Amino acid sequence: MSTEEKEPRGYGIIEPAIYEELNWSMDFIVSCLEVIRTQLPELFSEFPKSVKYELIPLGNPFGEPYPVIGLYSDSPKDLEKIPEFLDLDEQVDIWLNKVGIETIKKDAEKIKTVNWETLKNRKPE
């Protein structure tokens with residue numbers, strides 16, 4: 001592998017239970033995920049500071065891709081400190097139940113982010 005080629009980044013995935021609630025309105029889901037994404041560093045304050053969060057399209061073997069939040073770190077040791085998928089989702093779901101989906105929806109109406117079409121077609125790093 002040349003020095004210019006990088007392996008695709010691996011991600012931990014967070015899929016908050018909001019898709020049905022938002023009627024699979026992809027642009028609105030992306031906006032709500034962006035609101036949630038901005039809160040994750042505070043929610044997961046015990047994670048290493050190298051952990052980053054971004055919106056990514058997740059391939060789906062049963063249909064179209066859909067937006068999720070990806071966690072990554074350039075430090076393999078720090079990545080090992082991130083809990084498994086189900087534990088991450090559970091923590092986010094507990095937080096969402098406290099905050100309420102209506103709060104997330106209101107905040108999503110005010111936030112600026114990419115639309116689903118742009119996110120879906122983004123080239124992975």
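Me: In this predicted model, is Lys 81 buried or exposed?
Reply: Let's go by the surface share. The cut-off for exposed is over 50% relative accessible area. Lys 81 has a relative accessible area of 55%, so the word for Lys 81 is exposed.

Me: Which residue does the side chain of Lys 81 meet in a salt bridge?
Reply: Side chains of opposite charge can pair when their charged atoms come close. Here the N to O distance is 3.8 Å, and a salt bridge needs that kind of pair within 4 Å. The partner of Lys 81 is Asp 78.

Me: And is Asp 78 buried or exposed?
Reply: Asp 78 is found in helix H2, which covers residues 76-79. Its relative accessible area is 15%, and the cut-off for buried is under 20%. So, while Lys 81 is exposed, Asp 78 is buried.

Me: Which residues is Asp 78 in contact with, leaving aside its neighbours within four places in sequence?
Reply: Asp 78 sits in helix H2, and its salt-bridge partner is Lys 81. Lys 81 is not on this list, since neighbours within four places in sequence are left aside. What remains for Asp 78 is Pro 48, Ser 50 and Ser 73.

Me: How many salt bridges does a search of the whole structure find?
Reply: Asp 78 and Lys 81 make one of them. Glu 102 and Lys 105 form another, with their closest N and O atoms 3.3 Å apart. Searching the whole structure gives a count of six.

Me: Which helix holds both Glu 102 and Lys 105?
Reply: These two are three residues apart, about one turn of the helix. Glu 102 is partly exposed at 44% relative accessibility. Both residues lie within 101-110, the span of helix H4.

Me: About how many helical turns separate Lys 120 and Glu 117?
Reply: Their side chains meet in a salt bridge, 3.6 Å from N to O. Lys 120 is partly exposed at 26% relative accessibility, and Glu 117 is partly exposed too, at 44%. Both are in helix H5 (residues 116-120) and are three residues apart, so the separation is about one.

Me: Let's zoom out. What pattern does the protein follow along the sequence?
Reply: The parts to place are five helices and three strands. Write α for a helix and β for a strand, then read along the sequence. You get β-α-β-β-α-α-α-α.

Me: Which strands stand at the edges of the sheet?
Reply: Strands of a sheet pair through backbone hydrogen bonds, either parallel or antiparallel. This sheet is open, with the order S1-S3-S2 and antiparallel pairing. An edge strand here has a single partner, so one side is left without a neighbour in the sheet. That describes S1 (12-14) and S2 (52-60).

Me: In S3, which residue is the bridge partner of Ile 56?
Reply: S2 and S3 (residues 63-72) pair in the antiparallel sense over eight bridges. Ile 56 belongs to one of the bridges into S3. Its partner there is Val 68.

Me: About what angle does the direction of helix H1 make with that of S3?
Reply: Helix H1 (residues 26-43) packs on the sheet and touches S1, S2 and S3. Measuring its direction against S3 gives about 15°.

Me: Which residues is Val 92 in contact with, leaving aside its neighbours within four places in sequence?
Reply: Val 92 lies in helix H3, a helix that lies across S1 and S3 and runs at about 35° to S1. At 0% relative accessibility, Val 92 counts as buried. Its contacts are Ile 14, Pro 16, Ile 36, Leu 40, Leu 43 and Phe 44.

Me: What radius of gyration does the protein have?
Reply: The C-alpha trace spans about 45 × 35 × 30 Å along its principal axes. With 125 residues, a compact globule would come out near 14 Å. The protein's value agrees with that: 15 Å.

Me: Where does pLDDT stay under 50?
Reply: The protein averages a pLDDT of 88, and 90% of the residues score at least 70. One stretch stays under 50, and the model has three contacts for it beyond four places in sequence. That stretch is residues 1-7.

Terms used. Residues are numbered from 1 along each chain as its sequence is written. This is a predicted model: local features need pLDDT of at least 70, side-chain atom pairs count only at pLDDT 80 or more; totals for chains, interfaces and linings use all residues. Side-chain values use heavy atoms; hydrogens and water are left out. pLDDT is the predictor's confidence in each residue, from 0 to 100. Contact means heavy atoms within 4.5 Å. Two strands pair if DSSP finds at least two bridges between them. Helices (H or I, at least four residues) and strands (E, at least two) are DSSP runs, numbered from the N terminus. Axes are lines fitted to C-alpha atoms, for helices over the stretch in contact, and angles run from 0 to 180 degrees between N-to-C directions. Buried means under 20% relative accessible area, exposed over 50%, partly exposed in between (1.4 Å probe, protein chains only). The radius of gyration is taken over C-alpha atoms; the globule rule is 2.2 Å times the number of residues to the power 0.38.
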